[in-house]
Amino acid sequence: MTAPLTPRDNQPPEEPRHPEAAPAADHGGSVGPETARELREGALIALLVAVTGVLLGLLWNWLAPHVPLVADTRNVYLKNTEGEESIGADGTFLLLAFAFGVLTTAVVFLFRRRGGIPLVVALVVGGLLGATLGWMTGMWLGPTPDVVAHAKQVGPGVVFDGPLRLQAKGALLAWPMGAMVTQLVLSALFGPRDPVPEAPYWLQGQHGEQGPEGQHAQQAPQDQETPQAQQAPLAQETPQQEVPDRLREHHDGKPPAEG
């Protein structure tokens with residue numbers, strides 16, 4: 001007899017694998033083809049959404065009220081010290097950015113109804129980049145930020161428009177917020193629904209399912225009750241007939257007859 005060989009380093013021997021056995025799952029962090037496709041689509045969506053920020057800048061420069069300024073030989077002043085043009089410019093940017101978030105998300109949802117985390121991240125990142133690009137585009141297309149040079153160019157006492165500025169930088173978040181609200185509403189109303197799981201077979205009879213097992217469960221009690229209902233009267237009539245005869249014999253003083 002020969003002793004079995006001891007595995008090297010006291011490790012258990014490897015079990016033989018079947019040729020047709022499925023390969024073990026790789027948990028090393030590799031990205032599957034479906035996830036890679038979603039990442040590529042998310043990057044493309046974020047880029048396209050960010051590019052539309054140029055249109056936001058054009059509309060903001062066109063619709064936002066400009067601050068009127070006037071200069072003398074020394075200083076530059078506000079023409080209307082109680083004017084609300086600065087607040088109006090911030091409000092216009094806020095409304096336009098929120099509307100762009102709603103429109104871009106609706107268009108993306110029209111072509112891409114089913115989306116996971118990469119799509120949501122793409123909408124948020126693309127919206128933030130688009131709002132920033134729109135802000136910079138609007139300031140670039142607006143009046144020059146060099147107020148002193150502009151005042152010298154137009155001359156003293158002449159009213160000119162001040163630079164277009166965004167005082168409330170929190171308005172940049174209006175685009176991503178509008179995108180998230182729209183995505184949530186559209187997904188809840190028109191998004192794909194998960195299939196409803198069927199009830200287990202042991203609960204189908206309780207809900208009135210008319211399957212083979214449900215019919216057998218419903219018919220079995222009826223088949224068992226029928227012979228009991230027919231035999232019950234016969235079992236009850238026998239003692240009722242014997243008891244009066246025994247009582248009658250005992251009353252006459254005669255011993256009961258042996259059976």
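**Group meeting: a predicted chain, helix by helix**

Helices α2 (53-63) and α4 (117-141) each supply at least two residues of a nonpolar surface patch. Helices here are DSSP runs of H or I with at least four residues, strands are runs of E with at least two, and both are numbered from the N terminus. The patch is made by V54, L55, L58, L133, W140 and L141, and its area is about 570 Å². To be in a patch, a residue needs over 30% relative accessible area and no salt bridge; nonpolar side chains (Val, Leu, Ile, Met, Phe, Trp, Tyr) are joined within 5 Å, and like charges within 9 Å. Areas come from the Shrake-Rupley method with a 1.4 Å probe, and for residues only the protein chains shown count as cover.

Before going on, the ground rules. This is a predicted model, in which local features need pLDDT of at least 70 and side-chain atom pairs count only at pLDDT 80 or more, while totals for chains, interfaces and linings use all residues. Residues are numbered from 1 along each chain as its sequence is written, and side-chain values use heavy atoms, with hydrogens and water left out.

Back to the patch. W140, one of its members, is found in helix α4. Is W140 buried or exposed? W140 is exposed, with a relative accessible area of 70%. The cut-offs are under 20% for buried and over 50% for exposed, with partly exposed in between, using a 1.4 Å probe and protein chains only.

Now the whole chain. The secondary structure comes to 8 helices and 3 strands, and along the sequence the pattern is α-α-β-β-α-α-α-β-α-α-α. Of the 259 residues, 24% are buried. The accessible surface comes to about 19,600 Å², and carbon and sulfur atoms hold 61% of that. As for contacts, meaning heavy atoms within 4.5 Å, take those with a separation of 6 or more: 78% of them are between residues 24 or more positions apart.

The strands are quickly described. They make an open sheet of 3 strands in the order β2-β1-β3, with antiparallel pairing. The edge strands are β2 (76-78) and β3 (160-161), each pairing on one side only. Two strands count as paired if DSSP finds at least two bridges between them. Strand β1 (residues 68-71) and β3 run antiparallel and are joined by 2 bridges; L69 has F160 in β3 as its bridge partner.

After β2 comes a loop leading to α3, and E84 has its place there. E84 counts as exposed, at 60% relative accessibility. From E84 to V67 the C-alpha distance is 8.4 Å, for 17 residues of sequence separation.

Next, helix α6, residues 174-190. What does α6 pack against? Its buried residues pack against α1 (33-51), α2, α3 (85-111) and α4. Those buried residues are A174, W175, P176, G178, A179, T182, Q183 and L186. The helix has 17 residues and reaches 24 Å from first C-alpha to last, close to the 24 Å expected at 1.5 Å a residue; the expected span is 1.5 Å times one less than the number of residues.

Helix α1 also meets α4 through A50. A50 is found in α1 and is buried, with a relative accessible area of 11%. Leaving out residues up to four places away in sequence, A50 touches G126, L129, G130 and L133. The last of these, L133, also belongs to the nonpolar patch. A50 and G134 lie 84 residues apart in sequence, and their C-alphas are 9.0 Å apart in space.

Last, the charges. How many salt bridges are there? With a side-chain nitrogen of Lys or Arg required within 4 Å of a carboxyl oxygen of Asp or Glu, the count comes to 2 salt bridges. R37 pairs with E41, their closest N and O atoms being 2.9 Å apart. R37 and E41 are separated by about one helical turn, because they are 4 residues apart in helix α1. An α-helix has 3.6 residues a turn, so residues three or four places apart point the same way. R37 is partly exposed at 31% relative accessible area, and E41 is partly exposed at 26%.

E41 also forms a salt bridge with R112, the closest N and O atoms being 2.6 Å apart. This pair links distant parts of the chain, with E41 in helix α1 and R112 in the loop between α3 and α4, 71 residues apart. Through shared partners, R37, E41 and R112 are joined into one network.
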